[in-house]
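The following note sets out points for a colleague who is reading this structure. It begins with the overall fold and then turns to the interior and the backbone.

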Amino acid sequence: MKVAFLIIDMQKGCREYCKCQREFDDAVEYINEVSSFFRKKGLPVVRVLDIEVGAGPGSEKFEFVDSIVTSPEDIIIHKEYNNAFFKTDLNDKLQKLGVEFVIISGFAAEYCVLFSYNGAKEMGYEVSLLQNGIAGFEYEEVKKMQLIRPVISVEALEYLLNS
């Protein structure tokens, strides 16, 4: 089964706007660990950027926070709506790669992460959230998201992908 890793809206402007900056920064550590593992395995890493952050593409606040490790091989998706699958070519790119399972991380749990999770389900993907790899406006909402949606730990993910 081919798996892709989505990193949603971990942009400088989002971090500035976020009330839970410590949790945002904590999520970066998990995101970097998993994205590194995916890259080593030759699995797709997708960076999703909200075009309404900052002054849009090309602006400083639009870019991912500096602490996120990126690669030129990452797939870049610009989205206008909360759902990373809605009116983007994300589904087409994942289908061409034979992806069946999506791990979602990023910001904001209550909006873009949740809507993209639902969008992936609607497109027929198996989906999990990266445990401790999502951030939100309200810490309690992040905890709720991880209680009511499937989550996968870094350790479990590495074990499954090494099997």
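1. Helices and strands are taken here as DSSP runs, with at least four residues for a helix (H or I) and at least two for a strand (E), numbered from the N terminus. On that basis the protein chain holds six helices and six strands. The model is a predicted one. Read from the N terminus, the order of elements is β-α-α-β-β-α-β-α-β-α-β-α.

2. On overall dimensions, the radius of gyration of the protein chain is 14 Å, which agrees with the value near 15 Å for a compact globule of 163 residues. Along the principal axes, the C-alpha atoms fill a box of roughly 40 × 30 × 30 Å. Of contacts between residues at least 6 apart in sequence, 75% join residues at least 24 apart.

3. On burial and surface, 54% of the 163 residues are buried. The exposed area of the protein chain is about 8,100 Å², and carbon and sulfur atoms supply 49% of it. There are 18 positive and 26 negative side chains, and the centres of these two sets are 2 Å apart.

4. In soluble globular proteins, nonpolar side chains tend to be buried together. The largest nonpolar core here has 33 residues, and Phe5, Met10, Phe24, Ile31, Phe38, Ile103 and Phe107 touch the most other members. Two or more residues each come from β1, α2 (21-41), β2 (45-50), β4, β5 (126-135) and α6 (154-162). The most is given by α2, with seven residues. Apart from this core lies another of 26 residues, including Ile77, Leu94, Val102 and Met145.

5. Phe24 deserves separate mention. Leaving aside residues up to four places away in sequence, Phe24 touches Met10, Gln11, Cys14, Arg15, Cys18, Val65, Phe107 and Ala135.

6. Most residues other than glycine have a negative phi, and most peptide bonds are trans. Where does the backbone have a cis peptide bond? The bond from Phe107 to Ala108 is cis, with omega near -5°. Ala108 belongs to the loop between β4 (99-107) and α4 (109-122).

7. Positive phi values also merit checking. Asp9 has a phi near 55° and sits in the loop between β1 (2-8) and α1 (12-17). Lys87 has a phi of about 60° and is placed in the loop between β3 (75-79) and α3 (90-96). Are these residues buried or exposed? Asp9 counts as buried because its relative accessibility is 2%, under the 20% limit. Lys87 counts as exposed because its relative accessibility is 64%, over the 50% limit.

Terms used. Residues numbered from 1 in each chain as written. Predicted model: local features only at pLDDT ≥ 70, side-chain atom pairs only at ≥ 80, totals over all residues. Heavy atoms only, no water. Buried < 20%, exposed > 50% of the residue type's maximum accessible area, 1.4 Å probe, protein only. Core = buried A, V, L, I, M, F, W, Y, C linked by side-chain atoms within 4.5 Å. Contact = heavy atoms within 4.5 Å. Rg over C-alpha atoms; globule rule 2.2 N^0.38 Å. Areas by Shrake-Rupley, 256 points an atom, 1.4 Å probe, with all protein chains shown as cover. Lys, Arg positive; Asp, Glu negative; His and termini not counted. Charge placed at Lys NZ, Arg CZ, Asp CG, Glu CD.
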